[in-house]
Amino acid sequence: MSLIVSAIATVRVLGFDASFASAWLPAWFMAWAVAFPTVLVIAPITRKIVDGMIVRPP
């Protein structure tokens, strides 16, 4: 997901030209470095919230 989002953001800022790859790869790495630990923290919290909102069939 971070790969796709950073690619879209980079294209919107720079356009799709020769400098795209050299700008996108560092942007993707930074996005991944933030997204991965965030998911590790947020996913369990979200699962607990959803589990509290649903009723499991007997």
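The following legends describe close-up views of side-chain contacts in a predicted model.

**View 1. The tilted aromatic pair F16 and F20.** Four aromatic pairs are found in a search of the whole structure. In the pair shown here, the ring centres of F16 and F20 are 4.9 Å apart and the planes enclose an angle of 50°. The pair is classed as tilted because this angle is neither under 30 degrees nor over 60. F16 is exposed, at 68% relative accessible area, whereas F20 is buried, at 10%.

**View 2. The aromatic cluster of F16, F20 and W24.** Together with W24, the residues F16 and F20 make up one aromatic cluster. Within this cluster, F20 counts as buried and F16 as exposed.

**View 3. The stacked aromatic pair W32 and F36.** The ring centres of W32 and F36 are separated by 5.3 Å, and the planes meet at 10°, so the arrangement is stacked. Helix α2 (residues 20–53) contains both W32 and F36, which are four residues apart, about one turn of the helix. W32 is partly exposed, with a relative accessible area of 38%; F36 is likewise partly exposed, with a value of 42%.

**View 4. The salt bridge between R56 and D51.** Side chains of opposite charge can pair when their charged atoms come close. One salt bridge is found in a search of the whole structure. The closest N and O atoms of R56 and D51 lie 2.9 Å apart. R56 is exposed, with a relative accessible area of 57%, while D51 is partly exposed, with 41%.

Methods. Residues are numbered from 1 along each chain as its sequence is written. This is a predicted model: local features need pLDDT of at least 70, side-chain atom pairs count only at pLDDT 80 or more; totals for chains, interfaces and linings use all residues. Side-chain values use heavy atoms; hydrogens and water are left out. Rings of Phe, Tyr and Trp (its six-membered ring) pair if their centres lie within 6.5 Å; planes under 30 degrees apart count as stacked, over 60 as edge-to-face and the rest as tilted. Buried means under 20% relative accessible area, exposed over 50%, partly exposed in between (1.4 Å probe, protein chains only). Helices (H or I, at least four residues) and strands (E, at least two) are DSSP runs, numbered from the N terminus. A salt bridge is a side-chain nitrogen of Lys or Arg within 4 Å of a carboxyl oxygen of Asp or Glu.
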